[in-house]
Amino acid sequence: MATKNERYQYRKDRTRKHLIAGGISKPRLSVYRSLKYIYAQVVDDIEGKTLVSATTLSKELDGKYEKSGKSIEAAKALGSVIAKKALDKGVKEVMFDRGGRIYHGRIKALADAAREAGLKF
């Protein structure tokens, strides 16, 4: 029987494999969710560079939320911040990489906020 960590790793590898199989034509919006914070970055896999990054620890969101950075409101704010930064860099379309996490809760809130701010995926 696979452990919880092994199942997460399988899910993560499977989602990345499907993103790559579709063709790497757009930058990737990669999201990592820890127990306390959320991290998001737009990565250009062709050049191997991070174009834009933001986190709930960043100065734009620092001290705005009582529950540190692990609330849905913080995820929504992070989604709009990462979308604004990406649009400023000229990135309009991305592929969403949820990193093996299910599309629910904070991950979904971040994605919806990024879409509302003008990012397409």
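## Strand S2 and its partners

Val43 of strand S2 faces Thr50 in S3, and these two strands, the latter spanning residues 49-55, are antiparallel with six bridges between them, where pairing requires that DSSP finds at least two bridges. The hairpin of S2 and S3 has four residues between the strands, and within this hairpin Gly48 adopts a positive phi near 75 degrees. Strands here are DSSP runs (E, at least two residues), as helices are (H or I, at least four), numbered from the N terminus.

On the other side of the pairing scheme, S1 (residues 28-33) is also antiparallel to S2 over six bridges, with Val31 opposite Ala40, and a hairpin of four residues connects S1 to S2.

## Basis of the description

The model is predicted, so that local features need pLDDT of at least 70 and side-chain atom pairs count only at pLDDT 80 or more, while totals for chains, interfaces and linings use all residues. Residues are numbered from 1 along each chain as its sequence is written, and side-chain values use heavy atoms, with hydrogens and water left out.

## Burial and the nonpolar core

Strand S2 (residues 38-44) is largely enclosed by the rest of the structure because five of its seven residues are buried, that is, under 20% relative accessible area with a 1.4 Å probe and protein chains only.

The largest nonpolar core (buried Ala, Val, Leu, Ile, Met, Phe, Trp, Tyr and Cys residues joined through side-chain atoms within 4.5 Å) contains 24 residues, and Leu29, Val42 and Leu110 have the most contacts inside it. S1, S2, S3, helix H2 (72-89) and helix H3 (106-116) each contribute at least two residues to this core, with H2 giving the largest share, seven residues.

Leaving aside residues up to four places away in sequence, Val42 touches a set of residues including Leu29, Leu51, Ile82, Ala86 and Val94, contact being heavy atoms within 4.5 Å.

Technical notes:
Buried means under 20% relative accessible area, exposed over 50%, partly exposed in between (1.4 Å probe, protein chains only).
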